[in-house]
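Please open the model in your viewer and keep the sequence panel beside it, since this tour moves from one selection to the next and says what can be found at each stop.

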Amino acid sequence: MSLDQLILKCKKQDIKAQGQLYQLFADKLFSVSLKYSRNYSEAEDNLQDAFLQIFKKIDQYKNKGSFEGWLKRIVINIALQKYRKQTYFEIVDEQQLEEPSVEVEENDIKLDFLLKCIQQLPDRYRLVFNLYVLDGYAHKDIADLLNISVGTSKSNLARARHILKATIEDAQPKGQQSL
């Protein structure tokens with residue numbers, strides 16, 4: 001069955017088709033959810049909520065653009081909605097903060113370690129970092145999504161990078177650190 005046929009059946013609330021769609025995209029969408037979650041179980045909860053939303057709003061998908069992109073957007077929005085309800089973002093003055101650079105050997109950092117470091121960032125820093133660095137959003141778009149100023153978005157990104165730099169440098173053997 002083609003993806004278009006599967007989507008059409010999901011629009012008709014076909015439970016088997018919904019299960020197939022879940023099987024087809026769950027792994028990819030879980031990795032997106034994990035980027036925006038503090039831990040594995042929260043990522044699972046966000047993914048579950050996202051699929052409920054996907055099946056509820058699948059009629060809104062008009063076969064324009066990437067279906068996978070549409071799904072990812074829902075996963076990200078679910079995570080952001082959760083944080084908007086639970087967390088108050090720190091409002092800071094707009095300031096130019098120097099972006100720290102981290103020089104490490106490519107083979108020295110494992111992806112799992114880097115993901116764990118990102119997940120340990122405070123929520124506001126992790127969300128801005130993921131949206132800007134990993135998903136390519138502009139600061140204005142991030143500000144709109146998180147209901148913060150552009151300056152706060154820039155500041156939170158700089159602070160996230162600073163924390164990640166310190167964490168990575170602390171994990172490197174002492175002789176390999178570079179500034």
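## The whole chain

Begin with the surface of the whole protein chain, which exposes about 10,800 Å², with carbon and sulfur atoms supplying 48% of it. Bear in mind throughout that this is a predicted model. Switch to a cartoon view, and the protein chain shows eight helices and zero strands, following the pattern α-α-α-α-α-α-α-α when read along the sequence. Of the 179 residues in the protein chain, 40% are buried. Among contacts with a separation of 6 or more, 68% are between residues 24 or more positions apart.

## Colour by confidence

Next, colour the chain by pLDDT, which averages 84, with 83% of the residues scoring at least 70. Select residues 87-107, where the pLDDT is below 50, although this stretch has 32 contacts in the model beyond near neighbours in sequence. Where pLDDT is low, the predicted coordinates should not be read in detail.

## Helix H1 and the turn after it

Select helix H1, residues 3-11, and show the side chains of Leu-6, Ile-7 and Cys-10, which are its buried residues. If you look down the axis of H1, these buried residues fall within an arc of 100 degrees, so they line one face of the helix. Just after H1, stop at Gln-13, which takes a positive phi of about 65 degrees.

## The nonpolar core

Which residues touch the most other members of the largest nonpolar core? In this core of 47 residues, they are Leu-21, Ile-54, Phe-67 and Leu-131. H1, H2, H3, H4, H5, H6, H7 and helix H8 (150-171) each supply at least two residues of this core, and H4 gives the most, with ten residues.

Centre the view on Leu-21 and, leaving aside its neighbours within four places in sequence, display its contacts: Leu-3, Leu-6, Cys-10, Phe-51, Ile-54, Phe-55, Ile-58 and Phe-67. Two of the buried residues of H1, Leu-6 and Cys-10, therefore appear again here, as contacts of Leu-21.

## Val-128 in helix H6

Move to Val-128, which is found in helix H6 and counts as buried at 0% relative accessibility. Apart from neighbours within four places in sequence, Val-128 is in contact with Ile-142, Leu-146, Ile-148, Ser-153, Asn-156 and Leu-157. To place Val-128 relative to Leu-145, draw a C-alpha to C-alpha distance, which comes to 9.9 Å for two residues that are 17 apart in sequence.

## Salt bridges

The count for the model comes to eight salt bridges, and three of them are visited here in turn.

Select Asp-135 and Lys-35, whose side chains meet in a salt bridge at 2.9 Å, N to O. This pair links distant parts of the chain, 100 residues apart, with Asp-135 in the loop between helix H6 (123-134) and helix H7 (139-146) and Lys-35 in helix H2 (residues 15-35). Asp-135 is partly exposed at 28% relative accessibility, whereas Lys-35 is buried, with a relative accessible area of 16%.

Go on to Arg-38, which forms a salt bridge with Asp-123, the closest N and O atoms being 3.4 Å apart. Arg-38 lies in the loop between H2 and helix H3 (40-57) and Asp-123 in helix H6, so the pair ties together parts that are 85 residues apart in sequence. Here Arg-38 is partly exposed, with a relative accessible area of 36%, while Asp-123 counts as buried at 14% relative accessibility.

The next pair is Glu-42 and Lys-82, a salt bridge in which the closest N and O atoms are 3.9 Å apart. Because Glu-42 lies in helix H3 and Lys-82 in helix H4 (residues 67-86), the pair ties together parts that are 40 residues apart in sequence. Glu-42 is buried, with a relative accessible area of 8%, and Lys-82 counts as partly exposed at 23% relative accessibility. Now select Arg-38, Glu-42, Lys-82, Asp-123 and Arg-126 together, since salt bridges that share partners join these residues into one network.

## Last stop: Gln-119

Is Gln-119 buried or exposed? Gln-119, which lies in helix H5 (residues 111-119), is buried, with a relative accessible area of 14%. Not counting residues up to four places away in sequence, Gln-119 touches Leu-34, Ser-37, Arg-38, Asn-39 and Arg-126. Arg-38 and Arg-126 also belong to the salt-bridge network selected above.

Definitions and conventions: Residues are numbered from 1 along each chain as its sequence is written. This is a predicted model: local features need pLDDT of at least 70, side-chain atom pairs count only at pLDDT 80 or more; totals for chains, interfaces and linings use all residues. Side-chain values use heavy atoms; hydrogens and water are left out. Buried means under 20% relative accessible area, exposed over 50%, partly exposed in between (1.4 Å probe, protein chains only). Helices (H or I, at least four residues) and strands (E, at least two) are DSSP runs, numbered from the N terminus. The arc is that of the directions from the helix axis to the C-beta atoms. Contact means heavy atoms within 4.5 Å. Accessible areas come from the Shrake-Rupley method with a 1.4 Å probe; for residues, only the protein chains shown count as cover. A salt bridge is a side-chain nitrogen of Lys or Arg within 4 Å of a carboxyl oxygen of Asp or Glu. A nonpolar core is a set of buried Ala, Val, Leu, Ile, Met, Phe, Trp, Tyr and Cys residues joined through side-chain atoms within 4.5 Å. pLDDT is the predictor's confidence in each residue, from 0 to 100.
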